[in-house]
Amino acid sequence: WATTWSDVFEEPAMKFSAKITAPLLALALSMTACAAAPDAAITASTAPTPAAESTPQLSTDLTAITTWSGFAMGQNAVYNVMNVNGEGRYFATTIDLTTGQQQILCYKPNCPHEDDTCPGFMAQSASGAVPTAYLIPAPDRLYWIIDGRFNDSCGAYVDVSDLDGRNRHRIVEGDDLPDLGVVNNWYADGSALYTAYYSGSDFLILRIDETGAAIIGQKTRSDSEWYHAVGCWQDKIILQHNEYYYIPELKKAGDTATEEEYDAWYDEQDAAQLTQPVSLYLLGTDREEHPLDFHWTVTDSAIAKVQNGIVYLLSPGGTVTQMNLSTGSSTTQSFDLPGQAVPDDPDILPGNWASVYITDLGNGNNECLLNLDTGEFQPQPTTWFKDQAAPRCPIIWAADHGMLFLQYGEVYYTEKGIGPDGLPASYTVGRNEYGIISFDDYLAGSQDWVHVTLLGDDFA
């Protein structure tokens with residue numbers, strides 16, 4: 001690391017200004033419980049006292065939650081925030097994994113779901129612009145996050161509730177929150193939510209809990225390095241540190257450079273880039289930093305998955321390295337793949353499977369599911385045509401608990417309207433089709449997914 005983690009004092013109500021003056025990057029939380037020491041003076045003749053009810057211990061292990069394109073998979077439903085009526089009113093919705101039916105997350109009988117009297121209401125866009133919105137099941141509570149400050153669509157807040165939306169209450173709002181507009185990866189333990197993001201040159205980790213929002217870690221990067229949160233293990237966030245080659249200016253003779261000088265300059269860049277190091281670190285929710293003795297270079301491999309304390313590296317040639325966070329050891333095996341392999345993003349598939357692009361599959365499609373333990377690979381089928389021409393595979397938007405939520409098709413139809421010249425015109429419009437299927441069935445080649453019935457034409 002270029003710098004050490006800032007020694008941030010963890011005040012429960014730490015505030016954030018619009019400039020993020022306090023360090024903010026991390027997911028941290030630790031809870032301690034204490035009980036009174038037994039009374040040493042108690043004798044055998046003392047009457048027994050009723051046992052005190054024990055307080056349930058909240059888990060301190062982190063769980064990763066991905067909100068890719070706004071979808072998050074829970075135990076029984078897919079969660080999404082939607083402009084249901086097309087009038088700028090945003091509601092929390094769920095898609096049942098059994099029926100595929102989307103519905104507003106509302107427990108109020110006969111509720112018309114029209115305004116903020118609905119328990120599922122989240123925001124009204126004043127400007128017509130779309131706010132940042134997340135619903136995060138984590139895992140026995142639900143976080144409601146809205147931020148419309150960047151486009152003046154609405155304000156910002158975080159609420160928390162039961163998974164069914166009951167007992168919803170606000171824990172932080174306004175400028176006590178940083179801009180979370182580009183966050184996809186979240187981590188949660190029994191009592192807090194964490195995420196990592198950039199604010200200017202600062203890489204920050206944020207914790208959100210019942211006391212508000214607090215920064216628990218910060219890294220200030222240089223122009224030639226980058227940090228990423230790539231997963232979690234136990235009560236620690238796994239952080240990747242990249243060092244990039246800083247390209248010097250081409251030294252010119254006057255205003256021109258020879259072709260040989262240009263060639264040498266590009267060769268220098270390429271050779272240096274191949275050797276740039278990548279490292280892993282752990283940041284505990286107690287804010288302790290734990291460096292790991294795992295290193296590779298930028299073009300050697302890329303992380304394909306983080307699962308159960310194992311970080312899987314995949315090289316273009318099909319070599320998989322398993323880095324064991326518990327033992328600090330690593331094992332490597334090579335698989336005979338038909339072409340060069342590159343991990344897809346995000347890593348959301350169940351088990352030890354990863355979404356990978358493999359060249360030369362021979363079917364006009366490079367999207368593939370790869371088992372990182374066995375080397376088994378399954379080319380994904382094409383089920384629809386983008387723009388009615390380009391074949392496309394299903395897009396997996398969310399996955400967890402052995403289930404997939406995916407887009408498997410696109411329906412095109414004609415709408416009539418008024419053209420730029422003020423005359424009647426016809427437009428071709430596309431509407432996505434979504435489905436739910438078990439991962440095992442999908443691996444077996446089934447396309448018998450449960451069709452998703454939406455409240456509106458589409459999510460956008």
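## A strand-rich chain and its salt bridges

With a relative accessible area of 24%, Arg-149 is partly exposed. In this predicted model, Arg-149 makes a salt bridge with Asp-175, in which the closest N and O atoms lie 3.0 Å apart. The two partners come from distant parts of the chain, 26 residues apart: Arg-149 sits in the loop between β8 and β9, and Asp-175 in the loop between β10 and β11. Asp-175 is likewise partly exposed, at 45% relative accessibility.

It helps to place this pair within the chain as a whole. The secondary structure consists of two helices and 32 strands. Of the 460 residues, 46% count as buried. Among contacts with a separation of 6 or more, 51% are between residues 24 or more positions apart. The chain exposes about 23,200 Å², and 49% of this area is supplied by carbon and sulfur atoms.

The largest nonpolar core has 23 residues, of which Ile-136, Trp-186, Leu-193 and Ile-208 touch the most other members. At least two residues of this core come from each of β7 (132-137), β8 (142-147), β9 (156-161), β10 (169-173), β11 (185-188), β12 (192-199) and β13 (202-209).

Strand β7 deserves a closer look. Six of its six residues are buried. Thr-132, Tyr-134 and Ile-136 point one way from the strand, while Ala-133, Leu-135 and Pro-137 point the other way. β7 forms a hairpin with β8, with four residues between the two strands. Their pairing is antiparallel and runs over six bridges; within it, Leu-135 of β7 stands opposite Trp-144 in β8.

Further along the chain, an open sheet is built from four strands in the order β23-β24-β25-β26, with antiparallel pairing. Its edges are β23 (341-343) and β26 (377-379), each of which pairs on one side only. Neighbouring strands of the sheet are turned by 35° against each other on average, direction ignored. The pairing of β23 with β24 (residues 353-358) is antiparallel and involves three bridges, and Ala-341 has Ile-358 in β24 as its bridge partner.

The loop between β23 and β24 brings the account back to salt bridges, of which the count comes to 12. Asp-347 forms one of them with Lys-305, the closest N and O atoms being 2.8 Å apart. Asp-347 lies in that loop and Lys-305 in strand β19 (residues 302-307), so the salt bridge ties together parts that are 42 residues apart in sequence. Asp-347 is partly exposed at 28% relative accessibility, whereas Lys-305 is buried at 1%. Elsewhere, Asp-159, Arg-168, Arg-170 and Glu-173 are joined into one network by salt bridges that share partners.

Another salt bridge links the side chains of Asp-235 and Lys-236, at 3.1 Å from N to O. Here Asp-235 has a relative accessible area of 22% and is partly exposed. Lys-236, at 14%, counts as buried because the cut-off for that class is under 20%.

A last stop is Lys-108, found in the loop between β5 (102-104) and β6 (121-124). Lys-108 is partly exposed, with 37% relative accessibility. Its C-alpha atom is separated by 7.3 Å from that of Cys-118, 10 residues apart along the chain. Leaving aside neighbours within four places in sequence, Lys-108 is in contact with Thr-117 and Pro-119.

Terms used:
Residues numbered from 1 in each chain as written. Predicted model: local features only at pLDDT ≥ 70, side-chain atom pairs only at ≥ 80, totals over all residues. Heavy atoms only, no water. Core = buried A, V, L, I, M, F, W, Y, C linked by side-chain atoms within 4.5 Å. Buried < 20%, exposed > 50% of the residue type's maximum accessible area, 1.4 Å probe, protein only. Pairing = 2+ DSSP bridges. Axes fitted to C-alpha atoms, helices over the stretch in contact; angles between N-to-C directions. Contact = heavy atoms within 4.5 Å. Areas by Shrake-Rupley, 256 points an atom, 1.4 Å probe, with all protein chains shown as cover. Salt bridge = Lys/Arg side-chain N within 4 Å of Asp/Glu carboxyl O.
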